[in-house]
Amino acid sequence: MEVAESKSKKAGGRLCSTCNQRKAALKRPKTLEQICRECFYEVFEEEIHQVIVGNQLFKAGERIAIGASGGKDSTVLAFVLSELNRRHNYGLDLFLLSIDEGISGYRDDSLQTVKRNEIQYGLPLKIVSYKDLYGWTMDEIVKVIGLKNNCTFCGVFRRQALDRGASLLKVDKIATGHNADDIAETVLLNILRGDIARLSRCTLITTGEDGPIPRCKPFKYTYEKEIMFTYAYFKRLDYFSTECIYSPNAYRGFAREFIKDLERLRPRAILDIIKSGENFRISTSTKMPEQGTCERCGYISSQKWCKACVLLEGLNRGLPKMGIVRSRGQNNERTKDMKQNKGTKNIESKQCGTLDF
Amino acid sequence: MQLTLEFGGGLELLCDSVKVHNVDVVPPKGSEKLIMKDLLSWVGTNLIKERPEMFMKGDSVRPGVLVLVNDCDWELSGQLDTTLEEKDVVVFISTLHGG
Ligand SMILES: [Zn+2]
Ligand SMILES: [Zn+2]
Ligand SMILES: [Zn+2]
């Protein structure tokens, strides 16, 4: 009993600023409040509910695929959405959608986690493989192209895989686990790259509303720290690294680190960066790239063929380097002012090295 | 002092892929108590086998690593100055590689 007593002393007798009864367990980065576990879960879920309602992310009766990587963000998202759907009668038909890239040994753990989520949250799981979607597994691709350029493939194929899987499932919308830190990071990267088109899109909570399957980010305002805190508690360390084994030297997030440094000094910085991104106005003289569709597969593309089809064509013709070198010449009359908009470098910041979408 | 250290979110990869370590750490010479600052340098020397920069930055953990002492955010207990006691459980969880 001595131990237990001294342990409660350690927290400095700090009480939860919400209930004033229980011991605080977390300092909320958004508000700097000290809050107990029980009160935290309550506000955590309630805030996400408010975001969902306030932004009309879903409509009753919709089929929603949760992009499930097995990592913490999508696991917490699956949990929270299934909770809220029940509690507030959203009337949603929720699914877990996972992608199997076909990298031997690599997906075993994460697919196990997703399969557990399927049971725990009672959400049907659909696993779509690269082999199904593209006719090639990542292992087969690496055999052909070597390790050097494979991350181009990882990123391009992964982005499309989710959409293609979602259309197989005939869902109305995809929900992804991107959190506030992710979005702040993307804002910074788009500024650093001068990518105005993406800058104006990346803070939107719902994107692709004109396309076949819109995507939304219910965690847009949710700090990663709070997701980790939630996750660490009820999943303990049933968690694994999601580093892509084919990218030991992948870009490791300079922008990410910068954001985490800022957060330590001033936690508000993350929401402020998102706000900055939202408030950028694009001058009318900046030509936005036209959004068309790929002539081959129908996926959204500003060029004749989408990136995946260009890469696949190269693979299938035995010219795997095709499409990897920046393809400025191609179709550049469409996007003169934007310079390369859909090139290989524009895969979102979390492209490779992670299993995220 | 017997402590349980848990590494998650990819940090375990830095210490031979072992997630839970039951360790015995003695306070530094001339000191009676062990604080988190001492523990971090002990972990850096004894448990982290590769890429220490993924765990430490300066004399603290790298920003973005969540530290829980007995399930409690270390930002509430004084971070580096948190005093550790016998049988404490310290969790380090990171988002090294997304999630
Ligand atoms: Zn409370
Ligand atoms: Zn990769
Ligand atoms: Zn295509």
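**Zinc sites, helix packing and loops in a predicted model**

The zinc ion (ligand 3) is held by four sulfurs, the SG atoms of Cys294(A), Cys297(A), Cys306(A) and Cys309(A), at 2.2 to 2.3 Å. The model is predicted.

Reader: What geometry do the four donor atoms around the zinc ion (ligand 3) make?
Author: The angles they subtend run from 104 to 115 degrees. Four donors count as tetrahedral if all angles lie between 85 and 135 degrees. The arrangement is therefore tetrahedral.

Reader: How are the donor residues of the zinc ion (ligand 3) spaced in sequence?
Author: The donors are Cys294(A), Cys297(A), Cys306(A) and Cys309(A). Their spacing reads C-x2-C-x8-C-x2-C.

Reader: Is Cys297(A) buried, partly exposed or exposed?
Author: Buried means under 20% relative accessible area, and exposed means over 50%. Cys306(A), another donor to the zinc ion (ligand 3), has 1% and is buried. Cys297(A) has 34%, so this residue is partly exposed.

Reader: Which residues are the protein donors of the zinc ion (ligand 1)?
Author: The donor atoms are SG atoms, lying 2.2 to 2.3 Å from the ion. Their sequence spacing is C-x2-C-x16-C-x2-C. The four are Cys16(A), Cys19(A), Cys36(A) and Cys39(A).

Reader: What is the geometry at the zinc ion (ligand 1)?
Author: Ideal angles for four tetrahedral donors are 109.5 degrees. Here the angles among the four donor atoms are 101 to 116 degrees. The site is tetrahedral.

Reader: Is Cys19(A) buried or exposed?
Author: The cut-off for buried is under 20% relative accessible area. Cys36(A) is at 1% and is buried. Cys39(A) is at 9% and is buried. Cys19(A) is at 18%, so Cys19(A) is also buried.

Reader: How many disulfides does the structure hold over all chains?
Author: A disulfide needs a pair of cysteine sulfur atoms within 2.5 Å. Over all chains the count is zero.

Reader: How far from Cys216(A) is the nearest cysteine sulfur?
Author: Cys216(A) is buried, with a relative accessible area of 0%. Cys216(A) is in no disulfide. The nearest cysteine sulfur belongs to Cys202(A), and the distance is 16 Å.

Reader: Why is helix H13 of chain A said to be largely enclosed by the rest of the structure?
Author: The helix spans residues 307-316. Its buried residues include Lys307(A), Glu313(A) and the zinc donor Cys309(A). H13(A) is largely enclosed because the buried share is nine of the ten residues.

Reader: What is the phi of Gly318(A), which follows H13(A)?
Author: The sign is positive. The value is near 75 degrees.

Reader: Which residues does Trp136(A) touch, not counting residues up to four places away in sequence?
Author: Trp136(A) sits in the loop between helix H5 (130-134) and helix H6 (138-145) of chain A. At 15% relative accessibility, Trp136(A) is buried. The residues touched are Tyr130(A), Lys131(A), Ile141(A), Val144(A), Leu312(A), Leu315(A) and Asn316(A).

Reader: What separates the C-alpha atoms of Trp136(A) and Leu315(A)?
Author: Trp136(A) touches Leu315(A). Along the chain they are 179 residues apart. Their C-alpha atoms are separated by 9.0 Å.

Reader: How are H11(A) and H12(A) oriented to each other?
Author: Their axes come within 8 Å and cross at roughly 125 degrees. Angles from 65 to 115 degrees count as roughly perpendicular, and over 145 as roughly antiparallel. The two helices are therefore oblique.

Reader: Which residues make the contact between H11(A) and H12(A)?
Author: H11(A) covers residues 254-265 and H12(A) covers 269-279. H11(A) supplies Ile259(A), Leu262(A) and Glu263(A). H12(A) supplies Ala269(A), Ile270(A) and Ile273(A).

Reader: How do H2(A) and H3(A) lie relative to each other?
Author: The axes of H2(A) (residues 37-54) and H3(A) (residues 72-87) come within 11 Å and cross at roughly 75 degrees. Residues that meet include Phe44(A) and Ile48(A) in H2(A), and Val76(A) and Phe79(A) in H3(A). By their angle, the helices are therefore roughly perpendicular.

Reader: Is Lys170(A) buried or exposed?
Author: Lys170(A) lies in the loop between helix H7 (150-168) and strand E6 (173-175) of chain A. Its phi is positive, near 55 degrees, in a residue other than glycine. With a relative accessible area of 63%, Lys170(A) is exposed.

Reader: What is the relative accessible area of Asp16(B)?
Author: Asp16(B) is in the loop between strand E1 (2-8) and strand E2 (20-24) of chain B. Its phi is positive, about 55 degrees, although it is not a glycine. Asp16(B) is exposed, at 51%.

Notes. Residues are numbered from 1 along each chain as its sequence is written. Chains are lettered from A and ligands numbered from 1 in the order in which they are written. This is a predicted model: local features need pLDDT of at least 70, side-chain atom pairs count only at pLDDT 80 or more; totals for chains, interfaces and linings use all residues. Side-chain values use heavy atoms; hydrogens and water are left out. Buried means under 20% relative accessible area, exposed over 50%, partly exposed in between (1.4 Å probe, protein chains only). Donors are N, O and S atoms within 2.8 Å of the metal (3.2 Å for Na, K and Ca); water is not among the atoms, so sites may look incomplete. Four donors count as tetrahedral if all angles lie between 85 and 135 degrees; four count as square planar and six as octahedral if opposite donors are over 155 degrees apart and all others between 65 and 115; anything else is irregular. Axes are lines fitted to C-alpha atoms, for helices over the stretch in contact, and angles run from 0 to 180 degrees between N-to-C directions. Helices (H or I, at least four residues) and strands (E, at least two) are DSSP runs, numbered from the N terminus. Angles under 35 degrees count as roughly parallel, over 145 as roughly antiparallel, 65 to 115 as roughly perpendicular and the rest as oblique. Contact means heavy atoms within 4.5 Å.
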